[in-house]
Amino acid sequence: MSPIPQEHIQKIIFQGINLTDDCLGVFDDKDMLVFCNENLARLFGLPIEKALNKYFDEIIRHCHAAPGGINIETDDIEQWIIDANQKRRSQCFRAFETDLKDGRWVLVTEQLVEDQHIFMYCSDITDKKKYEFEIKKKSEELFTLATTDSLTQTYTRRHFYQQAERELSRCHREDITCALLMIDLDYFKKINDQYGHAGGDKALEHFSKGIRQQLREHDLVGRLGGEEFAILLPGTDKSTSIQIAERLRSTTEENTVSYRGTSFNISVSIGIAISSNNCKTIDQIMCLADNNLYKAKANGRNQFYHSNA
Ligand SMILES: Nc1nc2c(ncn2[C@@H]2O[C@H](COP(=O)(O)OP(=O)(O)OP(=O)(O)O)[C@@H](O)[C@H]2O)c(=O)[nH]1
């Protein structure tokens, strides 16, 4: 069998290049686009005849302003081009993902070939990206489910312990004082008895919303179980934690809970513990706050109690 002539092979390759869904082209050593298929030109928002023989920076300027093609998100296109030029030809092979203005995604590869030419090849990865985004969203939802109490939107006991443990050891290393408030709603059983479990739930929701509004972003709030909560206040000393505890106590007492056309009051007892050399682990500080909570309850409820370790 006689070999297929080179011209015939070249014709077949060119047909393939124009029929493929992928995008490909060649930039020369001066960064002029000397060869491409229609798909690559479209990726730059240009028809093939307008894309060919244009320099990379001209193509990018056009693409930035064009309604279609690669989504170049920048307010400073000249700086963007300088940055891109620093990366182009810095390695033999580069690959990166980018989105298009119509929402699709492509994987762009740049292969440095002979005489500083760049062979660019891009393929559609929209389905892969969709799948990745879905997985990311689902794993974020799962993380929230595992770490947040759905009724009160506070951390679950386990997550609170983990976060508080980490924060306490960071504060100990940096010689920063932390306060832990252990809070328990008073006579909660009576609320359930009087207003039903749903009324009790409403009180828990109302209370937790109130405390979250009064705290800083980096304070940690967890529901330890039932009607018991803990708050870790990093960088908070004794006098500030007493002020915060009193504010939480008084606002809880003052803000009535509205439920099915009626309203009722709740109150809380609070045990305060401050971190120190004798009280630096999560177990030690929780234990001290728990003992102090017990004393606040024993002293008549609707109050806070503080003692040193
Ligand atoms: N509505 C509702 N009630 C809950 C929830 N978790 C626990 N409870 C109820 O909370 C009540 C807590 O009662 P106790 O431990 O006796 O405490 P208390 O009545 O608040 O009394 P003191 O803490 O001593 O002031 C129990 O009746 C639990 O069933 C919940 O998620 N929702």
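## The shell around the ligand

Sorted by class, the shell around the ligand holds four nonpolar, four polar and seven charged residues. In this predicted model, 15 residues surround the ligand, and the closest are D186, F188, K189, G200 and G226. Two elements, β6 (178-185) and α8 (188-214), give two or more residues each to this shell, and α8 gives the most, with seven residues.

One of the closest residues, G226, also belongs to the turn of a hairpin: β7 and β8 are joined with two residues between them, and G226 in that turn has a positive phi of about 45°.

## Two domains and the helix α6

The domain assignment of the chain gives domain 1 as 6-129 and domain 2 as 148-306, and the C-alpha centres of domain 1 and domain 2 lie 57 Å apart.

Helix α6, which covers residues 126-147, has 22 residues and reaches 31 Å from its first C-alpha to its last, a span close to the 32 Å expected at 1.5 Å a residue. Of these 22 residues the number buried is zero, so α6 lies largely in the open. A residue of this helix, L145, counts as exposed because it has 10 C-beta neighbours inside 10 Å, where the limit for an exposed residue is 12 or fewer. L145 and M182 are 37 residues apart along the chain, and their C-alpha atoms are separated by 23 Å.

## The antiparallel sheet

One open sheet consists of five strands in the order β2-β1-β5-β4-β3, with antiparallel pairing. Its edges are β2 (33-36) and β3 (93-99), each of which has a single partner strand, so one side of each is left without a neighbour in the sheet. Neighbouring strands of this sheet are turned by 20° against each other on average, direction ignored.

Within this sheet, strand β4 (residues 105-113) and strand β5 (residues 117-124) run antiparallel and are joined by eight bridges; one pairing between them places Q111 opposite its bridge partner F119 in β5.

## The mixed sheet and its edges

A further open sheet is formed by five strands in the order β7-β8-β6-β11-β12, and here the pairing is mixed. The edge positions are taken by β7 (220-225) and β12 (304-306), each with a single partner strand, so one side of each is left without a neighbour in the sheet. The twist averages 20° from one strand to the next.

At one edge, β7 and β8 run antiparallel and are joined by five bridges, among them the pairing of G225 with E228 in β8. G225, a residue of strand β7, counts as exposed because it has 10 C-beta neighbours inside 10 Å. Although G225 and D184 are 41 residues apart in sequence, they are 9.9 Å apart in space, C-alpha to C-alpha. At the other edge, β12 runs parallel to strand β11 (residues 268-274), and three bridges join the two; H306 in β12 is the bridge partner of I272, while G271 stands opposite Y305 in β12.

## The inner strands of the mixed sheet

Strand β6 is paired on both of its sides, since DSSP pairing needs at least two bridges and β6 pairs in the antiparallel sense with β8 over seven bridges and with β11, again in the antiparallel sense, over seven bridges. A179 illustrates both pairings: A179 stands opposite L233 in β8, and the bridge partner of A179 in β11 is I274.

The strands that flank β6 in the order of the sheet are both described as mostly covered, with five of the seven residues of strand β8 (residues 228-234) buried and seven of the seven residues of β11 buried. In a regular strand the side chains alternate between the two faces of the sheet. Both faces of β11 are covered, with V268, I270, I272 and I274 buried on one side and S269, G271 and A273 buried on the other. I272 and G271 thus combine a buried position with a bridge to β12, I272 through H306 and G271 through Y305.

Note on methods:
Residues are numbered from 1 along each chain as its sequence is written. This is a predicted model: local features need pLDDT of at least 70, side-chain atom pairs count only at pLDDT 80 or more; totals for chains, interfaces and linings use all residues. Helices (H or I, at least four residues) and strands (E, at least two) are DSSP runs, numbered from the N terminus. The expected span of a helix is 1.5 Å times one less than its number of residues. A residue is buried if 20 or more other C-beta atoms lie within 10 Å of its own, exposed if 12 or fewer, and partly exposed in between; C-beta atoms are placed from the backbone. Domain bounds come from an automatic or database domain assignment. A residue is near a molecule or strand if its C-beta atom, placed from the backbone, lies within 6 Å of it. Ala, Val, Leu, Ile, Met, Phe, Trp, Tyr, Cys and Pro count as nonpolar, Asp, Glu, Lys and Arg as charged, and the others, Gly among them, as polar. Axes are lines fitted to C-alpha atoms, for helices over the stretch in contact, and angles run from 0 to 180 degrees between N-to-C directions.
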